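Me: I'm new to reading protein models. Could you walk me through this one with a few questions and answers?

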Amino acid sequence: MSSQSVPLTTLAELPDGDSRGFEVEGWRAKVIIVRKGTRLFGWRDLCPHYAGGTSMAWRRDAYLNGARTHLACHAHGAWFDIETGVCVQGACLGKRLTRVPLRIDEEGGVHLDRTPREDKA
Ligand code: FES
């Protein structure tokens, strides 16, 4: 299977400790990126509380809780570990978000690495 790389943003546009959501052509849910220092964590914007997933932000790019310690689904208040995607509090305890593969190039460009099969969700 061949892979594709989709440019999403740059490190310069991702403030440390913050989150952003990105539309990806052909995907119904956004990709969430959270930056922690030099590390990035990428997740589908699909809360696992309900089958099929629900968008989690209450407004644009608002994916974190107030203290910015966890990803938060604002529909029913579930919290997720930023690094593992596991729900640690709330309605879907123990379930996890779907990770997306990210790549940072030499110029600081941030890319989604994907395969065609992943385009369906
Ligand atoms: S839809 Fe996310 S906690 Fe209910």
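Reply: Sure, this is a predicted model, and we'll go through its sheet and then two loop residues.

Me: In what order do the three strands of the open sheet sit, and is the pairing parallel or antiparallel?

Reply: In general, strands of a sheet pair through backbone hydrogen bonds, either parallel or antiparallel. Here the three strands make an open sheet with antiparallel pairing. Their order is 2-3-4.

Me: Which strands stand at the edges of the sheet?

Reply: Look for a strand with a single partner, so that one of its sides has no neighbour in the sheet. That fits two of them: strand 2 (19–22) and strand 4 (39–44). By the way, the twist from one strand to the next averages 25°.

Me: What is the bridge partner of G21 in strand 3?

Reply: Strand 2 pairs with strand 3 (residues 31–36) in the antiparallel sense, over four bridges. For G21, the partner in strand 3 is I32.

Me: Is D61 buried or exposed?

Reply: D61 lies in the loop between strand 4 and strand 5 (70–72). Its phi is positive, about 65°, although D61 is not a glycine. Buried means under 20% relative accessible area. D61 has 17% relative accessibility, so it counts as buried.

Me: What is the phi of R68 near?

Reply: R68 is also found in the loop between strand 4 and strand 5, and at 46% relative accessibility it counts as partly exposed. Most residues other than glycine have a negative phi. R68 isn't a glycine, yet its phi is positive, near 60°.

Conventions. Residues numbered from 1 in each chain as written. Predicted model: local features only at pLDDT ≥ 70, side-chain atom pairs only at ≥ 80, totals over all residues. Heavy atoms only, no water. Pairing = 2+ DSSP bridges. Helix = DSSP H or I, 4+ residues; strand = E, 2+ residues; numbered from the N terminus. Axes fitted to C-alpha atoms, helices over the stretch in contact; angles between N-to-C directions. Buried < 20%, exposed > 50% of the residue type's maximum accessible area, 1.4 Å probe, protein only.
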